[in-house]
Amino acid sequence: MPKILDRINKANDIKKIASKEHKKLAEEIRQFLINNVSKTGGHFASNLGVIELTMALHLALEFPKDKLIWDVGHQAYTHKILTGRKNEFKTLRHYNGLSGFPKMEESDCDSFNVGHSSTSVSVALGYAMARDVKKENYKVFAVIGDGALSGGMAYEALNNAARLNSNMVIVLNDNKMSISENVGGMANYLGKIRTGTTYSNLKTNVEKGIRNVPIIGDGLANKIKKSKDSIKSLIIPGMLFEEMGLTYIGPIDGHNIGQMVRAFDSASKAKSAVIVHVVTQKGKGYKFAEKNPSKYHGVSSFQTNIGAMNESKVMDYTTSFAYKMLDLAQKDDKVVAVSAAMLNGTGLDLFKQQYPDRLYDVGIAEEHAVTFAAAMAAGGLKPVVAIYSTFFQRAYDQILHDVCISKHHVVLAIDRAGVVGPDGSTHQGIYDISYLRTIPNMVIMGPKNKNEFDKMLEYAVNEYDGPIAIRYPKGLVYDKLEEFNDKIEIGKAEIIYKEKDILLLAFGSMNKTAHTVWGKLKENGYNATFVNLRFASPIDYKTISELIDEHEIVVTMEENIYSGGIGQAISAWLKENKHNIDNINISLPNKFIEHGKREFLLEKYGLDAQSIYDKIIELEKKSEINIK
């Protein structure tokens, strides 16, 4: 029997589907996503929750003329299906395949490249301004989740949107979740709206009750009626938004397509910015995701019948961090943890279970998280702020201004540092060494393996007294080189093997690769010294200086872009100190790295062991150096 989904092959095809078939189409899309994402991995629960919402938006808008901006964008899979990309889903998040986020390069129906939270209202407002200045005629819609409303940028844009004298529509997708469960005042406010009685019924009951008061009832009711805005501000849903100057519609059922289409049509006729509040269920239609939406937010491949993820049982760096944090907190009640709506992703969900009074989830508010931690440090606590590398970028000014100038003892736990792979250019953690090295007083460490990671956390929390960051990669811990266990000292590298000729200087995750390169060199009759740098700032130039005279080639290795990185700093130091030695910088190019498997991307950009070995041998032959 032909599927309704087979009739969706390009943008706006959904308008040809009869309304009585919409429910069945939603079911088919839901099953399509379950079948495909279970094979490729990807963002799952968020996409299951917005199928009907996306269908309603596509029924109300004309693509690509109208502009639809998704906040974060990881929930845009149904949008991609409805704009003719369903046959590409087998390539989702693979190199040269379908991106997991909206991409302007991929389709003219994707209005903006997104990937980070709380940006959609700003983008929509910019589009609305461009439309008005150019006297064009198209609709502008932004979809923002209730979790993204915990980000300050969203409020800046909402404040600005209130001045708009033409139309734009902000769809508030309220599923009570961001990635972890929502926290804070906005979450509580939206919860009250969801469960509250409607204004119209309440207004009638209040007025009737006042008029029944003997003698003064009618007069009092008339006076109150004249100041109805005062009553309205107490009891109308969405009055916070109304007070900001935005028209509010809702809350409405985010799985009722007809109701949403009517609301969107009505909202798009206004002469100002309108918020349409829809309530959806994250993970809808797949019982395992409904029960545990955080677990199924971002998934690897999984078995659809039992919901089991196809994951390795070996510990990864995030889990290692989680258990070490429990150990540190048990020994010292001044240790506290800060998350920006990523408890599961950073491993701090375990910390919350054990120490709920010492875990602070501030919502999607990285800037606030860092300054908040700085003040806790000033007050005598030992805060550890765990955020992904790509999201720490958003708090650069706070790290510089609020942490480092005053030398507050804040520990930055930088998860997903380096190439993360399938999430692509908006999520690669390949800039943190560069931007943190620009800040005075900031110490940056990177462990070679799990054992050293534990020691670095202990050092950062209990021994060092100032701003300090530890960056660690996505993926499994490295369990070799454990026999090398020098004491950690500020800015001091660790010599693994000391020989001559080739000097390998590796930082963090690249120690695993450097170990393999060292082994290949030895197998082929070359001598090499292998140094674990440990610190990206300060760099141990003293140790390098002591070793340099016995070597002909220096090879620096880091999982970061070249510009502003360790390799560039060491190259400059070699020149400044007139060391006439060949130098190979192994780092990522100064470009945005596309999506693909992590191992593939590392090989593509020359960060794998074979590529590094080949570069060393090529330089030996080219320079006619005798190092064998």
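Hi everyone. Let me start with one small detail: just after helix 5, K135 takes a positive phi of about 55 degrees. Please keep in mind that what we have here is a predicted model, and I'll walk you through a few parts of it.

First, the helix that comes before K135. Helix 5 covers residues 120-133, which is 14 residues. From its first C-alpha to its last it reaches 20 Å, close to the 20 Å expected at 1.5 Å a residue. Which of its residues are buried? They are S120, V121, V123, A124, L125, Y127, A128 and R131. Look at the spacing in that list while I remind you of something general. An α-helix has 3.6 residues a turn, so residues three or four places apart point the same way.

And what do those buried residues of helix 5 pack against? There are two strands close to each other in the numbering, strand 3 (140-145) and strand 4 (168-174), and also strand 2 (67-70) and helix 6 (152-161).

Let's follow strand 4. Seven of its seven residues are buried, so strand 4 is largely enclosed by the rest of the structure. Both of its faces are covered. On one side you'll find M168, I170, L172 and D174, and on the other V169, V171 and N173. Strand 4 also pairs with strand 3, in the parallel sense, over five bridges. If you want a spot to click on, take I144, whose bridge partner in strand 4 is L172.

Now let's step back to the whole protein. It has 628 residues, and buried ones make up 58% of them. There are 26 helices and 21 strands. Take the contacts between residues at least 6 apart in sequence: 75% of these join residues at least 24 apart. As for the surface, the protein exposes about 26,700 Å², with carbon and sulfur atoms supplying 50% of that.

Next, a sheet further along the chain. This is an open sheet of five strands, in the order 16-18-17-20-21, with mixed pairing. Which strands sit at its edges? Those are strand 16 (494-497) and strand 21 (582-588), each of which pairs on one side only. From one strand to the next, the twist averages 20 degrees. Inside that order, strand 17 (residues 501-506) and strand 20 (residues 551-561) pair in the parallel sense over six bridges. Here the residue to click on is A506, which has M557 as its bridge partner in strand 20.

On to the nonpolar cores. The largest one has 117 residues, and the members touching the most other members are F321, M445, L521, V555 and I616. Let me zoom in on L521. Setting aside residues up to four places away in sequence, L521 touches I502, L504, Y526, A528, Y613, I616 and I617. There is also a second, separate core of 55 residues, which includes L33, F44, F89 and V278.

One last stop, in a loop. V420 is found between strand 13 (411-415) and helix 20 (432-437). Is V420 buried or exposed? At 8% relative accessibility, V420 counts as buried. Beyond its neighbours within four places in sequence, V420 is in contact with H427, Q428, G429 and K474. And G475, 55 residues away from V420 along the chain, has its C-alpha 8.7 Å from that of V420.

That's my tour. Thanks for listening!

Notes. Residues numbered from 1 in each chain as written. Predicted model: local features only at pLDDT ≥ 70, side-chain atom pairs only at ≥ 80, totals over all residues. Heavy atoms only, no water. Helix = DSSP H or I, 4+ residues; strand = E, 2+ residues; numbered from the N terminus. Expected span 1.5 Å × (residues − 1). Buried < 20%, exposed > 50% of the residue type's maximum accessible area, 1.4 Å probe, protein only. Contact = heavy atoms within 4.5 Å. Pairing = 2+ DSSP bridges. Axes fitted to C-alpha atoms, helices over the stretch in contact; angles between N-to-C directions. Core = buried A, V, L, I, M, F, W, Y, C linked by side-chain atoms within 4.5 Å. Areas by Shrake-Rupley, 256 points an atom, 1.4 Å probe, with all protein chains shown as cover.
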